[in-house]
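This report looks at how the parts of a protein model fit together, beginning inside one chain and then turning to the pair of chains. Please keep the structure in view while reading.

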There are 2 protein chains.
Amino acid sequence: MDVKVAIDCMGGDHGAHVTVPAALSVLRSDPDVSFLLVGRQDAIERQVARGGSAPAGRVSVRHASQEVEMDEAPAAAMRGKKDSSMRIAINLVEQGEAAACVSAGNTGALMAISRFVLGMLPGIDRPAIATLLPTLEGHTYILDLGANVNCAPEHLLQFGIMCSELVRSVEGKARPTVGLLNIGVEDIKGNDQVKQAAELMRASDLNFHGYVEGDDIYKGTTDIVVCDGFVGNVALKTSEGLAQMLATYLREEFGRNALTRLAGLVAMPVINAFKRRVDHRRYNGASLLGLRGIVVKSHGSADAFAFEFAIRRAIEEARTGVLTHITARMAAVHKSAA
Amino acid sequence: MDVKVAIDCMGGDHGAHVTVPAALSVLRSDPDVSFLLVGRQDAIERQVARGGSAPAGRVSVRHASQEVEMDEAPAAAMRGKKDSSMRIAINLVEQGEAAACVSAGNTGALMAISRFVLGMLPGIDRPAIATLLPTLEGHTYILDLGANVNCAPEHLLQFGIMCSELVRSVEGKARPTVGLLNIGVEDIKGNDQVKQAAELMRASDLNFHGYVEGDDIYKGTTDIVVCDGFVGNVALKTSEGLAQMLATYLREEFGRNALTRLAGLVAMPVINAFKRRVDHRRYNGASLLGLRGIVVKSHGSADAFAFEFAIRRAIEEARTGVLTHITARMAAVHKSAA
C-alpha cells in the first residue's frame, strides 16, 4: 500500500545527518513509500545529494525556517515555533498530505503540538506513549512511558484498549494479552489506582491477563504491559541504565589485559550476535497513541540505523490502519456503555 | 565489637539448608559475632552437625514450632504464627537478646510483624525497604522497594533522612548525596508527590542532589535514590528481568554450536569475572528502616553465599549503630521544626 510519511528532519541530536540517510535507505527497500522531508532546505538537499539520487517523485522537501530545541519548554515551542520542522510535519498529517509523521525531537513538544494540531480520538482522554521492548519470547509493548504522570484508572483502561488495537493491527494478533503492572500478582497488592484499573479491565472486553510485575516485562508474560507514565518511564530508563552498565563492565573485563583481549577476539562473533539480538536500535520508534493521526517518536540520540526503525513503524501503522481500529473499538466501547 | 544476631533459619525457599551453613561461614570469618538460630531444632542441629563443629558458645538454637509460609497473608501470619521462627527472631531483637535479625521469609509478614513487635522510631511514620545496587561507580542505595505503595511527600523525606543515616553509619560517608527519582531532571517534571517531596528535601539538611532519572541508579549519580515503594519495586524487578533475559541470551549465543561453545571456553574466565562483578548475591540483604530494631530481609531464593551477605549487613548495621544515628537525626529534625 502506498504511504506518504512526513519526516521532521531537524529533530534529534543529529538532525538531517541522520534523518535523511535513514529515509533514503527506507526508500530503497520499500518501493511503495514516499517522503515529505521537512526542515532547512539546504541541509536536507545536501544530505539527499550526498546519498546519491533519490528515486524520482518519491521525495519532496518542505522548507521550515525554525527548529524546536531539544530542551525547549513544550508551551514555548507550541507558541513560538509555528514554522518549525516539527510543527510542519504534524500539520502535514493534519492536512491529510501525509499518513504519518516521525520525529526524533523534543518529546514534550512533540506531544503538546501533536495534541494541539491533531486533537484526540473520540473517547480517549489522554495520549500515551507506547514502545516495543525485547523479551525472552519475542517482544512486548509497554505504555505509558511518560506522557501522563498522574493517571486515573479509566486512563489505564484506555491505554490497554488503544495498545490492543495497535498490536492487533501491526502484529496481526487477534486477542493480544494485556498485563497491568503492579508490585505483586495477588489481588491485595498495589495502590488504589491499579486495583481500580484492574476492575475496569476485568469488566472490559480486553484479553486481560491480570497483574504483572517488573520482571514480566522481559519475560514476555503478556503482549502488552500497561502502567502510568511515571512508572513506565522509570522502568524504561532504569533498563537503559542497567544495560549500559553491563555493557561497560563487559567491555572492561575483555579489555583488562592481553589475554582477555585475545579471548575477546575469539568471542567477538558470539558477542556481536548477542549485541545484535539486544540492539535497542531495533526497538526505536515509540507510538504516540490516542491522537487523530499517526505520530512516531524516535529516540533523540538515534543513528540512521535506529531512525529507520522509527520510520518503518510509522509506515506499518499507516498501512495497517491503526487509527481506524482504535476509533472503531472506542465507538463499540461507548455504544455498549450507553 | 561483639554482636549477637538472631536468624530466622526456616525462612526463604531453602530454609535451614541455606541459612545455617551461611551463619557457620560467617562465624568462621568473624570472631566477634554469635548467632541465635531460630527454627525447628532438629533441622537446625542437623545442619550445624553437617557443617562441622560450631565454635563453642557462639551458636545457640531457639526452637520454633511454626513457620511463616512464603505466600501467607501478613495479617494471618501475625495473628496465627506466634511461635514461628520469624516471630521469635524478631522478639529476640525486641527483648534485647539480639542486636539484629535476618530473615529470607515472606516480606509482607516480616514487615508487618516487625512493625507490630518493634514499633517505629520516633518521628518515622512508615518503615521502608532499602537495598544496595551495583553502579558504574560502586554502589547506590535505593528505597523504598515495596513497603509503601502510596507515599506522601513527608514520607519520601523521611526515607531520605533514614537512608542518609544508614549510609553515614555503614559507609562512613559524612554527607551522602540524595537523589529523588523522577522522569526528568527539570523542575517542571514529575507528579505532585515528587515535586512536593523535592521542596521538603531542599529545605531539609539532607545533601539533596535534586531529581534523578531511572538510568542514574546504575550510573551511580547519587549515593541514595529515594522513590515510593511502587516505583522502587518496579525498577528493581524490571532490572532483575532484564538481567535474566540478557544472561539467557548470552548463554544461548555461546551454546549455539561447536564453534561458539569453543569461543565460550576461551572467554570463560572473562565472562566469569564479569559475572562475579554483577553477581546480585553480593547485594543481597535489604534493610527494613524506621523500626526500633535492625531487621534485614534476604531474597527468598538466596543461596548460602547470598545469605551470608544479608547476615553481614545486619552485623554491620548493629556495629555501626544505625538506629542511634537515625534516632538522633530525627530528634534534631523535630527540635529544629518545633
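## Where the two domains touch

In this predicted model, 20 residues of domain 1 of chain A are in contact with 12 residues of domain 2 of chain A. On the side of domain 1 that touches domain 2, the elements of chain A that give two or more residues are helix H5 (107-118), strand S11 (294-297) and helix H11 (304-319). The largest share of that side of domain 1, eight residues, comes from H11(A), and by class the side as a whole has 10 nonpolar, four polar and six charged residues.

The domain assignment places residues 1-121 and 290-320 of chain A in domain 1, and residues 125-285 of chain A in domain 2. Taken over C-alpha atoms, the centres of these two domains of chain A are separated by 25 Å.

## A covered helix in chain A

Helix H4 of chain A, which runs over residues 85-94, is mostly covered, with eight of its 10 residues buried. The buried residues of H4(A) are Ser85(A), Met86(A), Arg87(A), Ile88(A), Ala89(A), Ile90(A), Leu92(A) and Val93(A).

What covers these buried residues of H4(A) includes the strands S1 (3-8), S2 (33-39), S3 (59-63) and S4 (100-103) of chain A, together with H5 and S11 of chain A. H5 and S11 of chain A are also among the elements that give two or more residues to the side of domain 1 that touches domain 2. After H4(A) comes Gly96(A), which has a positive phi, near 80°.

## How the two chains meet

Between the chains, 47 residues of chain B are in contact with 46 residues of chain A. On the side of chain B that touches chain A, the elements of chain B that give two or more residues are helix H8 (214-219), helix H9 (229-254) and helix H10 (258-278). H9(B) provides the largest share of this side, 22 residues, and the residues of the side divide into 25 nonpolar, 14 polar and eight charged.

## The relation between the copies

How is chain B superposed on chain A? A rotation of 180° with 0.0 Å of shift along its axis does this, with an RMSD of 0.0 Å, and that is the relation of a two-fold axis. Because 98% of the interface residues of chain B are also interface residues in chain A, the copies meet through the same surface.

Key. Residues numbered from 1 in each chain as written. Chains lettered and ligands numbered in written order. Predicted model: local features only at pLDDT ≥ 70, side-chain atom pairs only at ≥ 80, totals over all residues. Domains from an automatic or database assignment. Contact = placed C-beta atoms within 7 Å. Helix = DSSP H or I, 4+ residues; strand = E, 2+ residues; numbered from the N terminus. Nonpolar A, V, L, I, M, F, W, Y, C, P; charged D, E, K, R; others polar. Least-squares fit on C-alpha atoms with pLDDT ≥ 70 in both. Buried ≥ 20, exposed ≤ 12 C-beta atoms within 10 Å, placed from the backbone.
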